[in-house]
Amino acid sequence: LYTRRDAALATLTAAYALIAIGYTALAVPLALSERWTAAVWSLQGAALIWYGLRVDRRVPRWMGLALQAAASIAWIDGRWTDPWQTRTDWVLLFNPEGLSLLLLALGPWLSGWLYTRRGSAGWVSGPLLGLGALWWYAFVIHECVYVAAADPLGPAFLLATGASAALFALARFAWPRIGWLVVVAAFHALPLVFASAIESGPPLY
């Protein structure tokens with residue numbers, strides 16, 4: 001229906017698309033754990049927002065934002081019953097919890113970028129930027145504390161903050177608004193420098 005570009009079928013096409021994505025979203029929790037349900041919902045939300053912007057319809061965009069919120073709730077619910085534990089046997093960055101957190105961050109950021117690119121409801125991109133940042137820093141904390149089990153933590157967090165700032169600076173070329181996270185990372189870096197110096201102890205000379 002979509003390829004025929006028939007204006008008379010636009011509403012029917014949108015209805016079929018929403019029904020398909022809706023059934024897929026409902027089926028995800030039956031097949032996947034909470035962490036992967038949250039990750040898939042986050043990406044599905046971004047896909048709905050892309051579709052809503054492409055066909056200029058509000059309902060898919062609202063459903064996409066609702067799925068972003070549902071993804072956050074699903075992840076929090078999963079961690080409420082299964083809290084983080086130290087897992088030094090997991091591979092740093094490439095582990096189930098870390099990858100799900102990365103996808104949770106990617107969904108809101110991609111959604112915010114789509115809103116900014118289309119110039120539609122630009123105010124929505126700010127909260128989406130913040131939501132993605134929360135998931136990104138949850139990823140950083142999980143990898144440093146529970147996977148790398150860094151001791152002391154100060155240098156590990158400082159390295160992760162510097163890497164985050166570099167990635168945000170590169171992403172700024174595609175989405176200027178994400179440049180604010182470079183400023184946030186810079187503010188975090190200063191106390192981390194002092195914390196690293198304290199944890200490392202006095203010099204040997």
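Start by selecting Leu93, which sits in the loop between helix 3 and helix 4. This is a predicted model, and in it Leu93 has a phi near 75°, a positive value in a residue other than glycine. Colour by accessibility and Leu93 comes out as partly exposed, because its relative accessibility is 39%.

Next, go to Asp56, in the loop between helix 2 and helix 3 (58–81). Here is another positive phi, about 60°, in a residue that is not a glycine. Is Asp56 buried or exposed? Its relative accessibility is 63%, so Asp56 counts as exposed.

Now select helix 4, residues 96–118. Try a ruler on its end C-alpha atoms: they are 33 Å apart, which agrees with the 33 Å that its 23 residues should span at 1.5 Å a residue. Just after helix 4 comes Gly119, with a positive phi near 65°.

Keep helix 4 on screen and add helix 2, residues 34–55. How do the two pack? Their axes are 8 Å apart, at an angle of about 10°. The cut-off for roughly parallel is under 35 degrees, and helix 2 and helix 4 are therefore roughly parallel to each other. Helix 2 passes helix 4 in a left-handed crossing. Show the side chains of this contact and colour them by character: 17 of the residues are nonpolar, five are polar and five are charged.

For the next stop, turn to the aromatic rings. How many aromatic pairs does a search of the whole structure find? There are five. Pick out Trp109 and Trp136, a tilted pair with 6.0 Å centre to centre and 40° between the planes. Trp109 belongs to helix 4 and Trp136 to helix 5 (residues 125–147), so this pair ties together parts that are 27 residues apart in sequence. Both Trp109 and Trp136 are buried.

Stay on Trp136 and add Phe139. These two rings have centres 5.5 Å apart and planes at 50°, so this pair is tilted as well. Look along helix 5 and you will see that Trp136 and Phe139 are about one helical turn from each other, because they are three residues apart. An α-helix has 3.6 residues a turn, so residues three or four places apart point the same way. Phe139 is buried, as is Trp136.

To finish, add Phe168 to the selection. Together, Trp109, Trp136, Phe139 and Phe168 form one aromatic cluster.

Key: Residues numbered from 1 in each chain as written. Predicted model: local features only at pLDDT ≥ 70, side-chain atom pairs only at ≥ 80, totals over all residues. Heavy atoms only, no water. Phe/Tyr/Trp six-rings, centres within 6.5 Å; stacked < 30°, edge-to-face > 60°. Helix = DSSP H or I, 4+ residues; strand = E, 2+ residues; numbered from the N terminus. Buried < 20%, exposed > 50% of the residue type's maximum accessible area, 1.4 Å probe, protein only. Axes fitted to C-alpha atoms, helices over the stretch in contact; angles between N-to-C directions. Parallel < 35°, antiparallel > 145°, perpendicular 65-115°, else oblique. Left-handed = near helix turned anticlockwise from the far one by under 90°. Nonpolar A, V, L, I, M, F, W, Y, C, P; charged D, E, K, R; others polar. Expected span 1.5 Å × (residues − 1).
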